[in-house]
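Here's a quick tour of one structure, going from a single residue to a helix pair and then to the charged side chains. Have the model open as you read.

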Amino acid sequence: MKSSIYNINDYKYQIVNLARTTLRNIIGTLTLKSANSERGKINAELYRTLLTETRKWGIEVVRTELKEIDPPKDVQETMNKVVKAENEKIAAIDYATAAETVADGVKRAKIKEAEGVKQAKILHAEGEAEAIKLVNESADKYFVGNAQTLRKLEAVENALQSNAKIVVPTGSKLVNIIGEMAGLVPISKRSKMD
């Protein structure tokens with residue numbers, strides 16, 4: 001107690017002044033944003049400073065607790081503007097991200113739709129090709145001879161329409177078909193009947 005008498009006159013007043021000065025120094029090194037979020041750091045630094053300085057006076061500080069920080073009105077307004085601007089920035093980024101996500105979704109949907117149309121066209125073309133192949137195979141298997149005979153008949157018909165004379169070899173299918181169409185019996189068969 002003797003050192004407090006010799007070193008300071010009003011220790012309560014001096015502790016408050018020392019705390020204010022120390023807080024100004026501490027908060028002065030921080031950004032406006034970190035001043036509110038780092039109360040634990042501020043409190044610890046204030047405690048160390050008060051403990052060191054008040055020991056010289058014969059006083060020992062046991063604990064410090066920073067209840068609230070009340071900056072001057074203009075600083076508070078600036079802090080509010082900074083917080084508002086930061087919130088608007090975050091909202092703008094969130095909106096842009098959401099718009100980008102929607103655009104990506106639309107893009108993926110259009111790609112899927114185009115892939116579906118492409119696949120449908122491929123399957124349709126493959127189906128048509130398979131049908132043509134089956135028709136060709138059937139024609140080759142069942143109609144090759146008949147198609148050739150039909151072509152020969154068309155040639156005979158064209159020749160008869162223009163009164164042209166044609167020679168048809170005996171024993172060919174064509175003689176038999178022409179005879180059947182005309183209701184005639186081939187000569188080779190007639191001689192056998194007589």
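Let's start with T54, and bear in mind that this is a predicted model. Setting aside its neighbours within four places in sequence, T54 is in contact with I15, I59, E60 and V61. This threonine belongs to helix α4. Is T54 buried or exposed? Its relative accessible area is 0%, and since anything under 20% counts as buried, T54 is buried.

**The helix pair**

One of those contacts, I15, takes us over to helix α2, because I15 is among the α2 residues that make the contact with α4. Helix α2 covers residues 11–28 and helix α4 covers residues 39–55. How do the two axes sit relative to each other? They come within 10 Å and cross at roughly 140°. That angle makes α2 oblique to α4, as roughly antiparallel would need an angle over 145 degrees. The crossing is right-handed.

Which residues make the contact? On the α2 side you'll find I15, L18, A19, T22, L23, I26 and I27. From α4 come I42, E45, L46, T49, L50, E53 and T54. Sorted by class, that contact has nine nonpolar, three polar and two charged residues. So T54, the buried threonine we began with, is part of this contact too.

**The salt bridges**

Now for the charged side chains. In general, side chains of opposite charge can pair when their charged atoms come close. How many salt bridges does the structure hold? There are three, and here they are with their N to O distances:

| Basic residue | Acidic residue | N to O distance |
|---|---|---|
| K41 | E38 | 3.7 Å |
| K56 | E53 | 3.7 Å |
| R63 | E65 | 3.4 Å |

How accessible are the partners? Take K41 and E38 to begin with: K41 is partly exposed, with a relative accessible area of 48%, and E38 is partly exposed as well, at 27%.

In the K56 and E53 pair, K56 is exposed at 52%, because exposed means over 50%. Its partner E53 is partly exposed, with a relative accessible area of 28%. You've met E53 already: besides its salt bridge with K56, E53 is one of the α4 residues in the contact with α2.

That leaves R63 and E65. R63 counts as exposed at 64% relative accessibility, and E65 counts as exposed at 53%.

Definitions and conventions:
Residues numbered from 1 in each chain as written. Predicted model: local features only at pLDDT ≥ 70, side-chain atom pairs only at ≥ 80, totals over all residues. Heavy atoms only, no water. Salt bridge = Lys/Arg side-chain N within 4 Å of Asp/Glu carboxyl O. Buried < 20%, exposed > 50% of the residue type's maximum accessible area, 1.4 Å probe, protein only. Axes fitted to C-alpha atoms, helices over the stretch in contact; angles between N-to-C directions. Helix = DSSP H or I, 4+ residues; strand = E, 2+ residues; numbered from the N terminus. Parallel < 35°, antiparallel > 145°, perpendicular 65-115°, else oblique. Left-handed = near helix turned anticlockwise from the far one by under 90°. Contact = heavy atoms within 4.5 Å. Nonpolar A, V, L, I, M, F, W, Y, C, P; charged D, E, K, R; others polar.
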